[in-house]
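Opening the notebook on a new model today. I want to look up the annotated span, the cores and one helix pair.

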Amino acid sequence: MTEKSELRFKEPGMRLLENEHAYLNFLMNEWHALVLSFEDEGLSLEAGRENLKLLRQKLFEFVEPFKNHTDKEEEFFFPALGNYIGFEQGPLVGIQDEHQEIDAYIGHFFHHTRDNINLLTLEQMKTVTQDAAEAFEVLTVHFMKEETVLFPMAEKAMKAIDQDELYKKLNTLIT
């Protein structure tokens with residue numbers, strides 16, 4: 001018997017963003033498992049190369065839906081919430097900075113793996129996967145902050161008409 005997960009938010013816009021987080025977490029777990037494989041002391045050079053190639057592929061598959069999700073947050077959600085709580089300080093500033101930090105870690109990983117992976121040593125592969133590990137850590141905390149601070153704040157602060165308008169704008173696919 002599978003356990004049914006309960007929706008934590010009542011507003012459709014917040015449920016939509018939470019569901020996108022669930023999908024992105026699914027994708028993240030696929031590539032994070034590959035990151036963790038580089039901590040195995042018994043990892044061979046050949047297995048490392050195969051894992052790194054697969055990690056690049058899985059991260060590449062993650063980037064577009066993540067970018068689509070963050071674009072929607074930055075274009076619609078943050079401005080709508082900011083009208084209620086302000087833009088200059090507080091949680092919105094930090095959350096937006098984290099989007100850039102995540103992009104930087106993933107971009108750095110792609111930059112350092114753009115050449116022939118077969119020329120990298122196992123130590124070099126372990127070093128470069130740290131960017132993906134950092135991205136995963138920041139993403140995990142980032143989603144938690146949005147779900148425990150921003151989404152509840154939006155549900156409490158925003159008027160129903162603004163919630164409805166936000167949902168209409170957010171209701172697009174990220175894949």
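**Domain span**

I started with the UniProt record, an unreviewed entry, which annotates residues 15-154 as "domain: Hemerythrin-like"; such annotations may be inferred rather than shown by experiment. The model is predicted, so I kept to its rules: local features need pLDDT of at least 70, side-chain atom pairs count only at pLDDT 80 or more, and totals for chains, interfaces and linings use all residues. Numbering runs from 1 along each chain as its sequence is written, and side-chain values use heavy atoms, with hydrogens and water left out.

The span 15-154 is 85% helix and 0% strand (DSSP runs: H or I of at least four residues, E of at least two). Its end C-alpha atoms sit 12 Å apart.

**Cores**

Next I checked the largest nonpolar core (buried nonpolar residues, under 20% relative accessible area with a 1.4 Å probe, joined through side-chain atoms within 4.5 Å). It has 30 residues, and Trp-31, Leu-52, Leu-55, Leu-59, Phe-62, Phe-109 and Leu-139 touch the most other members. Helices α1, α2 (45-85), α3 (91-112) and α4 (122-157) each put in at least two residues, with α4 giving the most, 10. Another core, of 16 residues, lies apart from this one and includes Phe-9, Met-14, Leu-81 and Met-158.

**Helix pair**

I then looked at α1 (12-37) and α5 (160-170): their axes (lines fitted to C-alpha atoms over the stretch in contact) come within 8 Å and cross at roughly 35 degrees, on a 0 to 180 scale between N-to-C directions. Contact here means heavy atoms within 4.5 Å; on the α5 side Gln-163, Leu-166, Tyr-167 and Leu-170 make it.

How values were computed: Buried means under 20% relative accessible area, exposed over 50%, partly exposed in between (1.4 Å probe, protein chains only).
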